[in-house]
Structure formats: C-alpha cells, structure tokens
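Work through the following exercises with the sequence and the coordinates side by side. Each task is followed by a solution that proceeds step by step.

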Amino acid sequence: MAADLDIAKEIEDISKVWANPAARNGLFGNLLKSIQISDVRGMTSNLEFTWPVTAIAGTNGSGKTTILQLCSAAYIKPGGGRNYKIGEWVRNALKDESPAFGDQSSVAFSFWNDAPGFQIPYKKERTRWDYPRRNNPERVVQFFGISTFAPRIERKDRLHVFRSQIEVKNSAPFDNNLISSMSKVLSVPYDSGTMHTVGLAKGNWSDDLPLVKRGRYGYAEPHMGAGEQKVIRLMRALEAMPKNSLILLEEPEITLHPDAQRGLAWYLMNLARRKGHQIILTTHSADLFEALPVAARALIVRHKIGVDVIPCAPYIAAARELSSVAKTNKDLILVEDFVAKAFLTDILERYDKPLLRNACIVPVGNTHDVYQLVQTFRDEQVRAIGVRDPDIGEAPGNHVFSLPGDSAPEELLLAATNIAAAENLINGLNAAFDRAKVAGLGLQGSKWAKKVFPALAAEMSIEIEKLRDRLTLAWLGGNAVEAQQLVTRMKAAFG
C-alpha cells in the first residue's frame, strides 16, 4: 500500500526539481503552462498548470472533460501531424442543440520553457479551427477516456465466445517496476505478471490478455475484478509511453477502492518524476485529489452564467457545495479553510443559530479566492459574503469581513492564554500542551498550529473536533464582544 510517507516523498522529490527551472526543463521538457478557453461549450476560462501532475475536480457538467479534451490539441506529434484536433471533440450542433462554439471561440496555450505560446481561433468563414502553421511545440499526447479499459467480462468478445479454442501465441513478462507499483497501488502482493498474446489456431485475430500470480495462484483478466484489471492495463499502458509525454486521464479512479485511489495518486507522481511526463486528470475522488499537493489541484465551479477555476483548491467538497447554493436558495459564506469554517460555525451556533441554519459555509482556499468568488456570486444575485482570516483585513464595501482576533483561528485557539483559560474545561490540558508543542518545532504561525493541534488531541486522547469545541468555548468566553460584532456585520451584509 502507498503510505503517507511514500506520497510525501514523491511530493518532496518533484518539488525539488520543480523549484529549479533548469532542472525542471531538463526533466519535463516543454510543459504545458496554461490553457485559455474562450466561448467553447459555454466556457470562458483560464487554467494554469503549476505542477507536473494536475487533478481537475468539479461536479458533473462543470467542464472538466472539456478542458481535458482541449489540452490534447496543445502539441503536434514529434516529426509532424497533430496528436488530436479540437474538431474531434467539439462537434457542430444538432437540431435544438445550442452551438458549442462560434466566431468568437478560441483556445490558447502557453508553455513553461518559454517556448512561444499560440492561439487556435475558430474561423467561421472557413468553418475550421485555424491551427498555426509554424513553431508548433512537439510532444506525444495520449488521452485515456473512461471507457478505455472496460472490464473484460463486459465485452463479450471472441475471448469469451471461443474460450476453449484460444491459444497463447506469445508472452512478455511484466518488469519488476510494474509489479512493484501494481502491488503498492492495489495493496496486493503480486509475485509476477505476464502479458499473453492470444489467438485462434487459424486466422489473424489476436488479443492481449494479462495474467498475474500471487503465491500459488495465477489468474488471467477474465477472472480479475474491474478495478484490478483497470489498474493493470492502465499502468502497463502508462509505463510504455515515451518519455516527456502529455498524458490526459479521465476519472482514472473509477472502480477503485479509496486506498487504491490514494495509491494511484502516488503512482502518477512517481511516474511523472521517473519519465518526465506531464499528467492532467479529471476526478471526483477526494482521496486522489487531496493526496496530491495543493499546487496540483484545480476546482471547476459552474454557476448560472459561467465557470470559475479555483487554482490550488484545498478541498474537493467545495465544488459540490458551491454548485448547489443557487438550488437550495441558501445564503453563501465563503471562508479559507475547514478550520475557519469550524471556528465561524461555533460563533454562529452561539450567537445566531437562524443565520447558521440558513447559510452554507464553504472553504475555498485562500483570501484571493474568497474575495473573487464573493464578487462572482453576487453578480449572479446570490446572497454571498466572505469571511477571511484576520491577517489581510476587511473589505466591507465588497462584502468581505475578517474573523475575530489578530491571527489565524488555529493560532488563536492554541495561544498560551487560551490554553490556560481552557484548563477549566479540559483537565490536564496545560501539561498535554507542553508535550504536544514538540510536534511544531522549527515551525511558526499557522504551520506550527496545524502540527500541534492533532498532537494535542492525541495527548489528551480526545477527538480533534471535541478539542476544538472546548478551545473555542474558552476563547469566546473572553472575546464575546468581538465575535458578536462580526455576526452583526454579517447580518447587515445579507440585509
């Protein structure tokens, strides 16, 4: 199984290369840096790729697949010829269907190694997408869609019909790296694997059939579970890609257990580092999405009249909550992270329960995203406000406020004065805090607090939520006026 330490090690190793432009370009080549989409399938948006592996999350219909498909047109094949064309994905409208593109539609790309970017506009008068004739960057591109590795048992092909007549024509063993990676992703101790080429005694038909062994047992693809079969075929295909490829994966986690989804995140980072690939994927998996570093995450949110891209998004759940706000007719309160959400929830629970019941509090990432999304949703007549951590300050004219205090919520709750005040609520807290502080050695501010908080909960043998509740209660005991003032301003902003 891919452990947290395995995942952290891959993130660290890639980050070291990424921080050095010469090393980055040497390993990954001409990486795609951004895609700018104008009026394609109702989407006008820009997405920057700030890591060699990028996971794009969002609700169904948000535009994830559109972005993935359009990225396939960023390069030509080494030696010439396009890997994919936009017209292969974006078709002319059928009867009663809204046009997917028009005379203002275009797709533009930029690249990390300072190679010239380019734009592909749609030329209505020529009824074609106008690809550049010169200076096209070269790279192998491969798109793996959801149906690429359909379970063998569902195909009902010749392998099933002529099972008793099938012969093994050729065999190629899996290399040790593939066996090791399969074992780690699926938490299965495979001993070996073989790709058989099978066929009939007469005729030219042939097919590939993977077989794996663990212990005394060997079994081929028709006897594998859907997830196992998919991982084996997907990983074998990925290992065969030439170095410095652009790999596009549509929801590769489908059929996989949550532990295997985290393992897949580890494998994709490991593969990118070993082979210099850029990997862009779409996903609905929080386990996969949140196993990647924040720099590797992007959230797509479709609202009434457009699409927003939230780069470096911390949580996948925000996409679902934001897309449902208009449907539920709830007020929207945007905050930076789950700690801020919990802190604000406690304040509203104490001072204004009706406001809490009628609102949806959503963590979206950072102060910029809070500010930008408040303006976007208010432009669409959604009752939205933002409540940021206090280090930036308020912008009440733009319906953005600050949490109480002078630092991030987790720092306020772990301040020495608050720990002392909470001793009356949790016996032995001071002594446990002295021991837990070791977890934050060498760190400061919120980074220190994020390490110490779970360590303190472990020292007290209580759940983190219960610890947070008691510390917040202690803090509110001495800061009630400031908390109530925030609630008053929030209510006024909602009107």
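The exercises below concern aromatic pairs, charges over rings and salt bridges in this predicted model.

**Exercise 1.** Classify the ring pair formed by Trp-89 and Phe-143, and determine which elements of the chain the pair links.

Solution. The structure holds 14 aromatic pairs. In one of them, Trp-89 and Phe-143 lie 4.7 Å apart from centre to centre, with 40° between the planes, and the pair is tilted. To place the two rings along the chain, note that Trp-89 belongs to helix 4 (residues 86–89) and Phe-143 to strand 7 (residues 141–144), so that the pair, with its partners 54 residues apart, links distant parts of the chain. As a last step, the accessibility of the partners shows that both Trp-89 and Phe-143 are buried.

**Exercise 2.** Carry out the analysis for Phe-101 and Trp-129, and decide whether each is buried or exposed.

Solution. The centres of these two rings, Phe-101 and Trp-129, are 5.6 Å apart and their planes enclose 55°, which is again a tilted arrangement. Phe-101 lies in the loop between helix 4 and strand 4 (106–111), whereas Trp-129 is in strand 6 (residues 128–129), and the pair therefore ties together parts that are 28 residues apart in sequence. The cut-off for a buried residue is under 20% relative accessible area. Phe-101, at 14% relative accessibility, therefore counts as buried, and Trp-129, at 6%, counts as buried as well.

**Exercise 3.** Which charged ends sit over the rings of Trp-18 and Trp-112?

Solution. Over the ring of Trp-18 sits the charged end of Arg-24, at 5.5 Å from the ring centre. Over the ring of Trp-112 sits the charged end of Lys-33, at 4.7 Å from the centre.

**Exercise 4.** Describe the salt bridge between Glu-465 and Arg-468, including its place in the chain and the accessibility of both partners.

Solution. The structure holds 22 salt bridges. In the one between Glu-465 and Arg-468, the closest N and O atoms are 2.7 Å apart. Both residues lie in helix 18 (residues 464–478), where a spacing of three residues corresponds to about one turn of the helix. Glu-465 has a relative accessible area of 47% and is therefore partly exposed, while Arg-468, with 14%, is buried. Elsewhere, salt bridges that share partners join Arg-126, Arg-128 and Asp-130 into one network.

Terms used:
Residues numbered from 1 in each chain as written. Predicted model: local features only at pLDDT ≥ 70, side-chain atom pairs only at ≥ 80, totals over all residues. Heavy atoms only, no water. Phe/Tyr/Trp six-rings, centres within 6.5 Å; stacked < 30°, edge-to-face > 60°. Helix = DSSP H or I, 4+ residues; strand = E, 2+ residues; numbered from the N terminus. Buried < 20%, exposed > 50% of the residue type's maximum accessible area, 1.4 Å probe, protein only. Lys NZ or Arg CZ within 6 Å of the ring centre and 35° of its normal. Salt bridge = Lys/Arg side-chain N within 4 Å of Asp/Glu carboxyl O.
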